[in-house]
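Here is a brief report on one chain. It covers overall form first, then charge pairing.

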Amino acid sequence: GLYLEQLQQWRSDCERATELADSERHQSGAEARAERKRAKELEKELKRKEAALAETAALLTLRKKAQAIWGDDEDG
């Protein structure tokens with residue numbers, strides 16, 4: 001049969017395991033939130049850089065068109 005001390009030890013071990021699982025879940029949840037925040041920041045930065053690149057490309061295109069229309073007037 002089982003002794004009372006064995007049941008108490010088993011219960012204690014189970015409670016400790018549950019507490020560890022809860023703390024790991026909490027920690028992994030915090031890590032997941034941090035990863036989502038980092039991903040959001042990177043996406044925001046990527047959108048900003050894409051907009052800057054598109055603006056630069058548009059300015060280059062306009063500059064080339066202006067040079068084609070009015071000629072290269074770098075001399076002044």
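## Overall form

The chain has a radius of gyration of 32 Å, whereas a compact globule of 76 residues would have one near 11 Å. The model is predicted. Its C-alpha atoms fill a box of roughly 100 × 20 × 10 Å along the principal axes.

The secondary structure is one helix and zero strands. Helix H1 covers residues 4-70, 67 residues in total. From first C-alpha to last, H1 reaches 98 Å, close to the expected 99 Å. Glycine 71 follows H1, with a positive phi near 85°.

Buried residues make up 0% of the 76 residues. The exposed surface is about 7500 Å², and carbon and sulfur atoms supply 56% of it.

## Charges and salt bridges

The chain carries 15 positive and 17 negative side chains. The centres of the two sets lie 4 Å apart. Three salt bridges are counted.

| Salt bridge | Closest N to O |
|---|---|
| Glutamate 15 – arginine 11 | 3.1 Å |
| Arginine 16 – aspartate 13 | 2.5 Å |
| Glutamate 45 – lysine 49 | 3.0 Å |

Glutamate 15 and arginine 11 are four residues apart in H1. Arginine 16 and aspartate 13 are three residues apart in H1. Glutamate 45 and lysine 49 are again four apart in H1. An α-helix has 3.6 residues a turn, so residues three or four places apart point the same way.

How accessible are these side chains? Arginine 11 is exposed, at 55% relative accessibility. Its partner glutamate 15 is partly exposed at 41%. Arginine 16 is partly exposed at 45%, as is aspartate 13 at 35%. Glutamate 45 is partly exposed at 33%, and lysine 49 is partly exposed at 45%.

Notes
Residues numbered from 1 in each chain as written. Predicted model: local features only at pLDDT ≥ 70, side-chain atom pairs only at ≥ 80, totals over all residues. Heavy atoms only, no water. Helix = DSSP H or I, 4+ residues; strand = E, 2+ residues; numbered from the N terminus. Rg over C-alpha atoms; globule rule 2.2 N^0.38 Å. Buried < 20%, exposed > 50% of the residue type's maximum accessible area, 1.4 Å probe, protein only. Areas by Shrake-Rupley, 256 points an atom, 1.4 Å probe, with all protein chains shown as cover. Lys, Arg positive; Asp, Glu negative; His and termini not counted. Charge placed at Lys NZ, Arg CZ, Asp CG, Glu CD. Expected span 1.5 Å × (residues − 1). Salt bridge = Lys/Arg side-chain N within 4 Å of Asp/Glu carboxyl O.
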